Structure formats: structure tokens, C-alpha cells
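Me: I should like to learn how to read a protein model feature by feature. Please give me the general idea each time, and then the case at hand.

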Amino acid sequence: MRQTILCSFAVLSTLSFTPLALAGGTSTVMYWGTLAGTQQTIPSELLPAGAIRTLVGGSAHVVAIKSDGSVRAWGYNDSGQANVPALLLQAGAVRQVEAGDRSSIALTTSGAVVAWGNNDWGQVNVPASLATPGAASMVAAGGSHCAALRMSGGVVCWGYGFWGQTSTPVAMTAAGAAIAVCCGGEHTLAIRSDGSVTAWGGGSTTAGTYPQWGQSIVPATHAAAGSTLQIACGWGHSVALRSDGTVTCWGFNSAGQATTPEGLLDIKKVAAGYWHTLALRNDGTVIAWGNNNAGQSNPPALLVHAADIAASYDGSFAIGAIEPACAADLNGDGLVNGSDLVPLLNSWGVCPN
């Protein structure tokens, strides 16, 4: 049975981001896009400068790693996807987190894989070989499937696999095969050890068979050995970042999410939502394109310097700084921080006099 609740927008990378040390603004977590759920209600403990190391978005929930290495989650929680296991609430617990459609996954500092949330297709049933210390170096979450990169460099996938997204090519299971992996709605992407990109599931199915969107048909520039630095998977599109700071997108393009903006250069990170895409420049500028039905592709003008980005179903996040000249306690809680962004966006970003 095909799902009607959509997807994970995992972002897997060889990059890492450290806690913020920003100048010239009020450092905080910011959200823009849909206001229909609760993912925009950022926990107060995560709003102070330097509180978050990184964050990721699922369909309607968010998972973050605090600067002390513990995990917090919020947003839609119908399947327990925001109920972080107790062992991950401890300082120093994790190295990486990812958010699926209605599930979450984490890589502990010991190298073990932990998953929680919806399990309709076995996506949180972590293989026993990955649940032990030293087992993995990276994790990914998709619509209803997950993946992990073994410490040896081989890729393992599990969960919903009707479109071939969990049918890992034999060559990619071998030691040293890959350095990164990400999961989309119905496909999986990996960066090989030689810097080339390979994919399976989704768009690699028989021509004419749904969901032939081309998300797994890797462009020649990335299929050959090269310098692909990071990959991101949307529901039906794929994004790749090269070490020269350029970005390539391919796959489902109903809202322009796979049409890379002209002149897009000097990028250090990319993220993919359901039908939109984000890019973070080295100067901290956030660029967004694709579907904008909820404003998810309109980065706030007050975001003057971002250090990290994430995308959810139809929302976007950034860890960054609000321009001091516009910062104000708009929600009356006595603090000037990210919680003021929602009323600000409701006023179309107009700063108070």
C-alpha cells in the first residue's frame, strides 16, 4: 500500500559543523515555511547562541544535536518520532542524527545505530550487526527506509523496498565502497570512495513504471570519478555538491526544485525538502528554490549569517544570526531569539519601528 504521508529529506555529508560563534547578530535557530504543525515551535532550551550543533528535518518533525552531544526532537509525534530514547538524551551520546517521514535515526558516539518512531515497514528495526559499538560511521533516513555506512565503508539498507531503494548493489556493500549515503522518498544515493555518485531505487526502475522521475539517473558529471563533497535526497529529486562549490540537481522537478539557480557558486552545504532545495554559501547566505506554497523558499531577510541549514516537508531551518537592527521581542516573552521569528514572518518580515 502506497503511503500518503510523505517523506524524509535526509542530508548526509562528509562535512561537519561546530557550535556557533557568530558576531554581528542574535544567534538562534530560525524556521520559515508551513505554520500548520508544531515543528516551528522550537524548544526554548535550543534558542540560546551555541545551543545546537546541527539539526535535520523529517516530514513534520525535527531532530537536533545539542552542543553537548545530546539529542532533542520536536514537532509531529503521531508515531513517536519525536520521543528521543533516554540513552540519547545524555551528553556526548551521538555523532549524527537523521529524520525520516515519521521515524528518526541516530549514530551514537560509540558507532552503534539507534532508530525510533514509525515501524510500518521495519524502518526502525536496525540490523543486529549495526546495533553494536564500532558498527557504523554514518546513517540516513528516507520515506520509509533507512541506510547506514558500515565502519568498513559498505552500505546497508532496510525498511520499505518496493521501488528497489533497499536493494543495495553488491558492489556498494563491499568494504571501502562508499564515504556517504542519503535516502529519499523512494531512492538511495551514495558517494563512492572515488568521489563518484551512484543511486538505486526510484528513478532506476523500468522506464514508464512509477515513480520514474530520474532521481536515480546520476548526471555524467557526478557518475564519473570526481570530487563530490556532499549529497542530499528530497522526495523525488537528488542534489550533489562538488568541492568547487557548484551544485547539481536532478529528478522530479514539478516546482523547479531540481533546477539549479543560474550562477549558484561558493556553496558549502545543501539540503532537500519535499519539493524545495536549500543551499548555504560560504558567506552564510541561504539560497532556496522550488515549491514556495508555504514560504519555505523565502529565507528571512533578517537571517544575516547562517552556519547550518535543514529542510522538512514544506519548511526550512537555519542556525544563524538575526540582524540586530531588526531584532525585537515580538512574542512578549522577554527574550530576543528565534521564538520571535514566527510573529515576524506573519508580519511579512517587516521590522517594528
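Reply: The turns below take up strands and sheets, then single residues, then salt bridges. This is a predicted model, in which local features need pLDDT of at least 70 and side-chain atom pairs count only at pLDDT 80 or more, while totals for chains, interfaces and linings use all residues. Residues are numbered from 1 along each chain as its sequence is written, and side-chain values use heavy atoms, with hydrogens and water left out.

Me: How are strands and their pairing defined, and what is the order of the open sheet that holds β7?

Reply: Strands are DSSP runs (E, at least two residues), numbered from the N terminus. Two strands pair if DSSP finds at least two bridges between them. Here, three strands form an open sheet in the order β6-β7-β8, with antiparallel pairing. Because β6 (94–99) and β8 (113–117) each have a single partner strand, one side of each is left without a neighbour in the sheet. On average, neighbouring strands of this sheet are turned by 20 degrees against each other, direction ignored; the axes are lines fitted to C-alpha atoms, and angles run from 0 to 180 degrees between N-to-C directions. Five bridges hold the antiparallel pair β7 and β8, and Ser103 stands opposite Gly117 in β8.

Me: Which strands make up the open sheet that contains β13?

Reply: That open sheet has three strands in the order β12-β13-β14, again with antiparallel pairing. Its edge strands are β12 (178–183) and β14 (197–201), each of which pairs on one side only. Strand β13 (residues 187–192) is joined to β14 by five bridges, and Ala190 has Thr198 in β14 as its bridge partner.

Me: Is Ser104 buried or exposed, and which residues does Ser104 contact?

Reply: Buried means under 20% relative accessible area, exposed over 50%, and partly exposed in between (1.4 Å probe, protein chains only). Ser104, in strand β7 (residues 103–108), counts as buried because its relative accessibility is 1%. Contact means heavy atoms within 4.5 Å. Leaving aside neighbours within four places in sequence, the contacts of Ser104 include His61, Val63, Gln81 and Trp116.

Me: What polar contact joins the side chains of Ser104 and His61?

Reply: A polar contact is a pair of N or O atoms within 3.5 Å; within protein, one must be able to donate a hydrogen and the other to accept it, and residues adjacent in sequence count only if both atoms are side-chain atoms. The side chains of Ser104 and His61 are joined at 2.9 Å. In addition, a polar atom of the Ser104 side chain lies 2.8 Å from the backbone oxygen of Gln81.

Me: How many salt bridges does a search of the whole structure find, and which side chain meets that of Asp78?

Reply: Side chains of opposite charge can pair when their charged atoms come close. A salt bridge is a side-chain nitrogen of Lys or Arg within 4 Å of a carboxyl oxygen of Asp or Glu. The search finds five. In one of them, the side chains of Arg102 and Asp78 meet at 3.1 Å, N to O. Arg102 is in the loop between β6 and β7, and Asp78 in the loop between β5 (71–75) and β6, 24 residues apart. Arg102 counts as buried at 14% relative accessibility, whereas Asp78 is partly exposed at 40%. Arg102 also forms a salt bridge with Asp120, with the closest N and O atoms 3.6 Å apart.

Note on methods: Helices (H or I, at least four residues) and strands (E, at least two) are DSSP runs, numbered from the N terminus.
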